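Visitor: I have a model open and would like to learn how to read it. Could you walk me through it?

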Amino acid sequence: MWKLTVCCNVFVLLLFWLVSQVAIAPAHNLLVRYAETDAALPIFTYLAIRLRGWSQLVPWVWTALTLILAFRLKGRDEIIRKEWIMLHTSLSVFLGLVLLFFFGLAGILPVLKIGAVIP
């Protein structure tokens, strides 16, 4: 059962990463690829668009670390295994929320700036 939990944690992080990429895509398309305005991008959005390609490494690195963790937990006691699985689940959700917040906020900022909410 713990192996299924570890696999689900990887898929949860992958889902968060995919949603975060969908959140930044409109800003990238509107302001970089098909630029209809000459407004300057907020620095946060510019950084998120530049890091978009590198963010693909996050699910891959997390999968590799998960495999290492799974092999190391194979012969451990059940109590120790549960503690590591809880930590892995917490870190998966936290890292996913950080990705979603970062790319989601970066996707919203240009819309707020162009709409004159942010001067």
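**Reading the fold and its aromatic rings**

Guide: Happy to! The protein chain has 4 helices and 0 strands, and this is a predicted model. From the N terminus on, the order is α-α-α-α.

Visitor: Where is confidence lowest in the protein chain, and where is it highest?

Guide: Helix H2 (residues 43-50) has the lowest mean, 86, while helix H3 (residues 57-73) has the highest, 94. For the protein chain, mean pLDDT is 86, with 87% of residues at 70 or more.

Visitor: How many of the residues count as buried?

Guide: Of 119 residues, 31% do. The exposed surface of the chain is about 8,000 Å², and carbon and sulfur atoms supply 74% of it.

Visitor: How many aromatic pairs are there?

Guide: The count is 2. Planes over 60 degrees apart count as edge-to-face. The rings of phenylalanine 44 and phenylalanine 102 have planes at 80° and centres 4.9 Å apart, so this pair is edge-to-face. The pair links distant parts of the chain, with phenylalanine 44 in helix H2 and phenylalanine 102 in helix H4 (residues 78-114), 58 residues apart.

Visitor: And what does phenylalanine 102 form with phenylalanine 103?

Guide: An edge-to-face aromatic pair, at 5.0 Å centre to centre and 80° between the planes. Ring pairs thus connect Phe44, Phe102 and Phe103 into a cluster.

Visitor: Is phenylalanine 102 buried or exposed?

Guide: Buried means under 20% relative accessible area. Phenylalanine 102 has 18% relative accessibility, so phenylalanine 102 counts as buried. Phenylalanine 103 is buried too, whereas phenylalanine 44, at 28%, counts as partly exposed.

Definitions and conventions: Residues numbered from 1 in each chain as written. Predicted model: local features only at pLDDT ≥ 70, side-chain atom pairs only at ≥ 80, totals over all residues. Heavy atoms only, no water. pLDDT = per-residue confidence, 0-100. Helix = DSSP H or I, 4+ residues; strand = E, 2+ residues; numbered from the N terminus. Buried < 20%, exposed > 50% of the residue type's maximum accessible area, 1.4 Å probe, protein only. Areas by Shrake-Rupley, 256 points an atom, 1.4 Å probe, with all protein chains shown as cover. Phe/Tyr/Trp six-rings, centres within 6.5 Å; stacked < 30°, edge-to-face > 60°.
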